Amino acid sequence: MAFISFQPTDFFNIKTWTGTGATHGITGVGFQPALTWIKSTDYTFDHTLTDAARGVDSQLNTNNSNGESTNTDQLTAFDSDGFTLGVDS
């Protein structure tokens, strides 16, 4: 029987970027994410969780009472090695 060895980086990775107000891709994740947690480190914007099951337009706002919201300009795609951000990122 063969054993498969997994590492945390097979399923979890952290990427940081500076928002520019323009669409751009975040690459180098090492896999196609099924869940992203986007959080500003400089401002008090809501942090959002987006998953592949709900789709890129539906976000969970975990730091306020809004629950789920729709935003078509923040996360626009889950890519094979990361994700693509829209102008509201």
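Is D51 buried or exposed? Keep that in mind as we walk through this predicted model, going from the whole chain down to one residue.

**Stop 1: the whole chain.** Select the protein chain and show it as a cartoon. You will find 7 strands and 0 helices, so reading from the N terminus on, the order is β-β-β-β-β-β-β by the DSSP runs used here. Turn on the principal axes if your viewer has them: the C-alpha atoms fill a box of roughly 50 × 30 × 25 Å along those axes.

**Stop 2: the surface.** Now switch to a surface view of the protein chain. About 6,200 Å² is exposed, and carbon and sulfur atoms supply 55% of that area. Colour by burial next: of the 89 residues in the chain, 26% are buried.

**Stop 3: the contacts.** If you like contact maps, draw one here. Taking contacts between residues at least 6 apart in sequence, 37% join residues at least 24 apart.

**Stop 4: strand 3.** Select residues 48-51, which form strand 3, and pick out D51 within this strand. Here is the reply to the opening question: D51 is buried, because its relative accessible area is 11% and the cut-off for buried is under 20%.

**Stop 5: around D51.** Show the side chain of D51 as sticks, then add A53. A polar atom of that D51 side chain lies 3.0 Å from the backbone nitrogen of A53. Finally, select A34, L35 and F78: D51 touches these three, leaving aside residues up to four places away in sequence.

Key
Residues are numbered from 1 along each chain as its sequence is written. This is a predicted model: local features need pLDDT of at least 70, side-chain atom pairs count only at pLDDT 80 or more; totals for chains, interfaces and linings use all residues. Side-chain values use heavy atoms; hydrogens and water are left out. Helices (H or I, at least four residues) and strands (E, at least two) are DSSP runs, numbered from the N terminus. Buried means under 20% relative accessible area, exposed over 50%, partly exposed in between (1.4 Å probe, protein chains only). A polar contact is a pair of N or O atoms within 3.5 Å; within protein, one must be able to donate a hydrogen and the other to accept it, and residues adjacent in sequence count only if both atoms are side-chain atoms. Contact means heavy atoms within 4.5 Å. Accessible areas come from the Shrake-Rupley method with a 1.4 Å probe; for residues, only the protein chains shown count as cover.
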